[in-house]
Amino acid sequence: MKYISTVLVFIIFMASCHKDDDSNTQTDENGVITSLPYQWKKSLHNQNSVSNGYISNAIYYNSNIVIPTTDGENSRNLTMINPNNGESIWKWNDNYLPYSNQINIFEYYQNSNLLTYQTSNKSYCINLINGTTKWKFERDKPFLVHLSGLNANYFTFGQSTNQFQQYSERVAFKGNLETGELNEFIIPNFTINNIAPGNRIGDVTRVEPYMYNGVQHLVVTWQEPQNVNSINDWQTYLGLYNYETNEWVYEKKEMNEPNINGVVLAPPVIYQGEFYANIGHQLVCHDIVTGEQIWIRDFPQDFMFSGFIIEDDKIIANNEDTFTYCLNPENGNIIWKTESSGTSGRMSYLNGIVYFVGGSSGKLHAIDVSTGEHVWKIDASNLGEPSGNNFKTNAVYVFEAENGNPAKVIALSHLYAYSFEAYQ
C-alpha cells in the first residue's frame, strides 16, 4: 500500500511539472535554429486573446520580470512573473481608463523598486515590490515618452510655462520619484531664428547622467528648426550641464548637418567617455568632455524602433533597411552587417549573443556578435501555435546561468511567454 501511495504521489508531481512542449529542435538550410524545446510557457491571456500592450525594454526586479498580460476582453495588466516557472507574482492595471487603454511602456526610469513611465499627459509610478501604484497623475499637458533619471530624480520633456509661452517648445523637467512633482529644469537658449509650423522653436530631447572628475554632469541633446516652411528640417545640438552648479559647461555643439531627419531617435549610449546617438539616418559619436564630434556614419534608414547597444566593445545596431550592423566604437567603421528583420524590438545581450524579436519577420532572432551569423530565427508556429503566429515585438529577457541552471531567454508571442535555454 505504501508503494502504491509513493508511485501515485510521483505521478501527480510529474503531471504538475509537465511543460506541454510539443516542439523540437529544427534548423533551416543554413543551420539556423528555427524551433527549440522550451523550458516552460505561460499564457498571456486568461480568456480571449486581445492586444496586451507593449514593453520596449526588459523590466527586472528582485530576479523577476514584468510582462504585459490580459484578464479578459478589455482588462490589460502589467504582471510580474517568476522567470524560473512563469508563475504570476502580482498584477497591476491602475492606469487611466484601464478597460480601453493598452499599457504601452516605450521608455521608463527605474530606481530600485520604483518605476515611472509616461503616456502623453498621463504619468505613473509603480512599486515593483507588490505591484501597487506609488502615484499617478493626469497632467494638463503631454510629455514625451523619453525618460531618464539620476537616483531619486527623473527627467522628462514637456512644454515650458516659464518662457516663450506664445511658442511651442519642449524643455527638460526634473521629477521627484517619490512624489511625482515636476519642475522645469533645463531650458536652452533657443535662438528663435526660425519658427516652424505650429509655432515650434525647439525641443530638449534627452538628458543622460555622466560623472566627470567626481562631479555629476548631464549630457543634453536639443534641437532647433532650420526651415520656417517645414516641420521636419532640424539641427540637433549637444550640451554638457554641470548638475551641481546648474551651469552649462558647453551648450551648443553641432551634431549634424540640418536635414529633414535631423532629430535624436533611439536612446543614446554613453561608453568610455563618449556619447553615441542616432540622429535621423546617422549614428554619431562625440567626446563628452569637449563636445567635439569624433565620427559620423550615414545609413539608408533610421534606428528608431530597435535602436543600438554597445557590448563586447562593439556597436550592434538594427537599421530599418533590414540589416543588423556591427561597428567599431572608436571610428564607426563597419565590422560586419547581416540581413535581419528591419523593424524590430529592442535588443538584449547575453554571453556574446544579441537577442531581439523582428517585427517584420515575427521571429525570435539571435545573432553571434563576434561573427554576425544568425544562430536563431525561431518561428512561433513551430512551437505548436497556429500557422502564421508570430513573436511579439516586446522586450526579450535574458538571465545568466545560476545555481546549476543554464542561462535562459524569455520572449513573448502574441499568445504565450516562452522560456528557452540560451544559445550559450
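1. A salt bridge here is a side-chain nitrogen of Lys or Arg within 4 Å of a carboxyl oxygen of Asp or Glu. Lys136 and Asp94 satisfy that cut-off, since their side chains meet at 2.9 Å, N to O. The partners come from distant parts of the chain, 42 residues apart: Lys136 sits in strand β13, and Asp94 in the loop between β8 and β9 (104-105). Please keep in mind throughout that this is a predicted model.

2. How exposed are the two ends of this pair? Lys136 is partly exposed, at a relative accessible area of 27%. Asp94 is partly exposed too, with 31%.

3. The strand that carries Lys136 also belongs to a sheet worth a look. This sheet is open and has four strands, in the order β10-β11-β12-β13, with antiparallel pairing. Its edges are formed by β10 (109-111) and β13 (132-138), each of which pairs on one side only. From one strand to the next, the twist averages 15°.

4. Inside that sheet, do take a moment over the β11 and β12 pair. Strand β11 covers residues 114-119 and strand β12 covers residues 122-127; the two run antiparallel and are joined by six bridges. If you want a landmark for the register, Thr116 stands opposite Cys125 in β12.

5. Two serines in the loops of this region deserve a friendly flag for their backbone angles. Ser112, in the loop between β10 and β11, has a positive phi of about 60° although it is not a glycine. Ser120 belongs to the loop between β11 and β12, and its phi is likewise positive, near 60°, again in a residue other than glycine. As for its surroundings, Ser120 is partly exposed, with a relative accessible area of 41%.

6. Back to the charged pairs: how many salt bridges does the structure hold? There are nine salt bridges in the structure. One of them joins the side chains of Lys91 and Asp71, at 2.8 Å from N to O. Lys91 lies in strand β8 (residues 88-92) and Asp71 in the loop between β6 (64-70) and β7 (76-81), so this contact ties together parts that are 20 residues apart in sequence. Lys91 counts as partly exposed at 37% relative accessibility, and Asp71 counts as partly exposed at 24%.

7. Another pair to inspect is Glu224 with Lys252, whose side chains meet in a salt bridge at 3.4 Å, N to O. Here strand β19 (residues 215-225) supplies Glu224 and strand β21 (residues 247-254) supplies Lys252, linking distant parts of the chain that are 28 residues apart.

8. Is each partner of that strand-to-strand pair buried or partly exposed? Glu224 has a relative accessible area of 3% and is therefore buried, the cut-off for that class being under 20%. Lys252, on the other hand, counts as partly exposed at 36% relative accessibility.

9. Finally, some salt bridges share partners: through them, Arg170, Arg200 and Asp203 are joined into one network. When you have the model open, this trio can be viewed alongside the Lys91 and Asp71 pair, the Lys136 and Asp94 pair and the Glu224 and Lys252 pair.

Notes: Residues are numbered from 1 along each chain as its sequence is written. This is a predicted model: local features need pLDDT of at least 70, side-chain atom pairs count only at pLDDT 80 or more; totals for chains, interfaces and linings use all residues. Side-chain values use heavy atoms; hydrogens and water are left out. Two strands pair if DSSP finds at least two bridges between them. Axes are lines fitted to C-alpha atoms, for helices over the stretch in contact, and angles run from 0 to 180 degrees between N-to-C directions. Buried means under 20% relative accessible area, exposed over 50%, partly exposed in between (1.4 Å probe, protein chains only).
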